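Visitor: Could you take me through this model, a piece at a time? I shall ask as we go.

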Amino acid sequence: MSTPSLTLAVPSKGRLEELTREWFAENGLTITRPGGARSYLGAIDGVPDVTVRFFPASEIARELIRGAIDLGVTGLDLIHETSETGPAAVQTLKPLGFGGADVVVAVPEAWIDVTHMHDLADVASDFRSRHGRWMRIATKYITITRQHFAAAGIAEYRTVESLGATEAAPASGVADIVVDITTTGSTLAANGLRVLEDGVMLKSQACLFAARKPDWSAEKAALMESFLTRLGLSAAR
Amino acid sequence: MSGAALRRVNLESLVEAQGATRAAPPLLLSADAYFDLAGEEFGRRLLLTTDSTGAEHCLRPDFTLPIVQAYIADGVGRPAAFSYLGPIFRQRETGAAEFDQAGIELLAQPDGDVALDQVLTFARAAISIYGITPQVRLGGVGLFEALLVQADMPDAWRPRIRNRFGHTEALQRLLARLEAAPDLPREAQPDREALLEDVTAQMVATGLSLNEGRGPAEIVDRYLEQQALDAAHVPAETLALLRSYLSISGPALQALTRIEALAEQHRLMLGAPIRAIRRHLNALGESPVVFDASFSPRLDYYTGIVFEMTGAGGDVLASGGQYDRLLERLGATAPIAASGCSVWVDRLEAEVRA
């Protein structure tokens, strides 16, 4: 049997990578990337039994949920979006205090009759008989949208997958409203969209997550325990 | 022959014995029709694939839709009956994504009551092959609609309440909102022309099309209607009626007696839909039957009476009812009587083994 080791995945580029490495540094762990920005493998100085992998944030969410990596830093929104069972499949060890953004429902500013989700429910319910089609929602957050709209009792809509510039969808005629991620709401406002008063579906930020794996060997569990202790954390069991 | 194989053969014969056309729709279907009919909530259960033109297909997630579509394509009007037994595909929290369902669809039958009785009898017979006495839960969509039409309230509230029927939390939230509505003095209505001008200007400024989707008139009229609704309260007595009605759930005869008392107290004519439910109790034999006033599938094409039958573990083993609005939704030009049910074969087999 090989000696047990832990895999920690961190975002591979941009501001999120920088802030993640800073957070670990503040907690006494220096993440190195020997091959530079094009390399996907890293290490932590003085902690040989932890392998660092650099992945795009959405892949980190997926691999954590699958249990293919042990620890990872990614957005809470991506954990919720990747799979309905995502939040149950991982443990949130620590919100890191950066990468904050809200997943929100926004409607055209001109919809003066729609201020709350219950207004949207009324509009959606007879949209089809008025316009011969369902109300369309542009979003890249299909899972989160489905869950929240189901909870709000809204069934009469279709999602249109949008992988960029979601806020432009109503003006371009692709969709009627959007579910989008926003930090200040200014991009939405600039595009003539207004967040509903109860339209915040998820408050997201970057978090350190662990996969939930009940079948860990005692050695591996001990390794995890000692790594988390270094960070001043403990794994909730 | 072993137990499971014998049960399967018996189910096969029951499906064949319905005097119906045996339906075997293709396994690969266009996904669009499902999204159009049932929305995203059902859509997330589909097993989807995309062809080279970008069109989405799904593995057959139920039999009803393709059966009804083929019936409409053949030219509606003639009474028809279909039965089926075969695999369907849905993503589920537990259990394989491929599993068998059996069922019947009775379309444009001259007597909707007789048709529903056949459906109930079929579901009972299928379940009894597995030696199970199910718990039956009945819901009255027609009964609730009859109550809603007669209850005293501003008309604009009726579709809002109807739309939430079957979603207990959403309906409770709406009732709570109506109960909490402040008794404000009615303010002067804003001027419609001025609002239209504002909304149009706003839409133009943000590049929204004025005639694709919601236009200024629809938005302004709904806004004004809302202002009027804030002033036009649903009477407290009506809200109390709705709350009492929705809370009724229990052994069918007792529940229906309570509803009759409520109808009398509020001077509502609910005799016909209540009698319709009573007539069907016979078709359910020895099974314990509960009538749950708040029970309804969340799809607006259901009408009349709906039901589900559950086993000891609480799993739904059979469900169905009357859906006279379904064919219209799928393109028929007039409502056509329809009833049917589907039976979850894998859950029945699991119940036997438990």
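Visitor: In which sense do strands β8 and β10 of chain A pair, and over how many bridges?

Guide: Strand β8 (residues 135-139) and strand β10 (residues 177-182) of chain A pair in the parallel sense, over three bridges. Strands are DSSP runs of E with at least two residues, helices are runs of H or I with at least four, and both are numbered from the N terminus. Two strands pair if DSSP finds at least two bridges between them. T139(A) has V179(A) in β10(A) as its bridge partner.

Visitor: Before we continue, how are residues and chains labelled, and is this model predicted or not?

Guide: This is a predicted model, in which local features need pLDDT of at least 70, side-chain atom pairs count only at pLDDT 80 or more, and totals for chains, interfaces and linings use all residues. Residues are numbered from 1 along each chain as its sequence is written, and chains are lettered from A and ligands numbered from 1 in the order in which they are written.

Visitor: What is the strand order of the sheet that holds β8 and β10 of chain A?

Guide: The order is β9-β8-β10-β7-β11 (chain A), an open sheet of five strands with mixed pairing. Its edge strands are β9 (157-161) and β11 (193-204) of chain A, each of which pairs on one side only. Neighbouring strands in this sheet are turned by 25 degrees against each other on average, direction ignored.

Visitor: Which strands does helix α5 of chain A touch?

Guide: Helix α5 (residues 117-125) of chain A packs on the sheet and touches β8, β9 and β11 of chain A. Its direction makes about 115 degrees with that of β11(A). Contact here requires C-beta atoms, placed from the backbone, to lie within 7 Å. Axes are lines fitted to C-alpha atoms, for helices over the stretch in contact, and angles run from 0 to 180 degrees between N-to-C directions.

Visitor: What about the seven-stranded sheet; what is its order?

Guide: That open sheet runs β2-β3-β4-β1-β5-β12-β6 (chain A), again with mixed pairing. At the edges stand β2 (31-32) and β6 (90-95) of chain A; each has a single partner strand, so one side of each is left without a neighbour in the sheet. β6(A) pairs with strand β12 (residues 206-211) of chain A in the antiparallel sense over five bridges, and K94(A) stands opposite L208(A) in β12(A).

Visitor: Which helices pack there?

Guide: Helix α1 (residues 14-26) of chain A packs on the sheet, touching β1 (6-11), β2, β5 (71-75) and β12 of chain A, at about 135 degrees to β1(A). Helix α10 (residues 218-230) of chain A lies across β1, β4 (47-55) and β6 of chain A and runs at about 45 degrees to β1(A).

Visitor: How is chain A divided into domains?

Guide: Chain A has domain 1 (6-99 + 205-230) and domain 2 (101-204), the bounds coming from an automatic or database domain assignment. Their contact takes eight residues from domain 1 of chain A and eight residues from domain 2 of chain A. On the domain 1 side, the largest share, four residues, comes from helix α3 (residues 76-82) of chain A. The C-alpha centres of the two domains are 32 Å apart.

Visitor: L78 of chain A: buried or exposed?

Guide: L78(A), in helix α3 of chain A, counts as buried because it has 22 C-beta neighbours inside 10 Å. A residue is buried with 20 or more other C-beta atoms within 10 Å of its own, exposed with 12 or fewer, and partly exposed in between, the C-beta atoms being placed from the backbone. Not counting residues up to four places away in sequence, L78(A) touches A57(A), S58(A) and A61(A). L78(A) and A61(A) are 17 residues apart in sequence, yet 6.0 Å apart in space, C-alpha to C-alpha.

Visitor: Turning to the two chains, how many residues does each give to the contact?

Guide: Chain B gives 30 residues and chain A gives 29 residues. The largest share of the chain B side, five residues, comes from α9(B).

Visitor: And helix α4 of chain B; why does its span agree with expectation?

Guide: The 18 residues of helix α4 (residues 112-129) of chain B should span 26 Å at 1.5 Å a residue, and the end C-alpha atoms are 26 Å apart, which agrees. The expected span is 1.5 Å times one less than the number of residues. Among the buried residues of α4(B) are L116(B), L120(B) and F122(B). Just after α4(B), G131(B) takes a positive phi of about 70 degrees.
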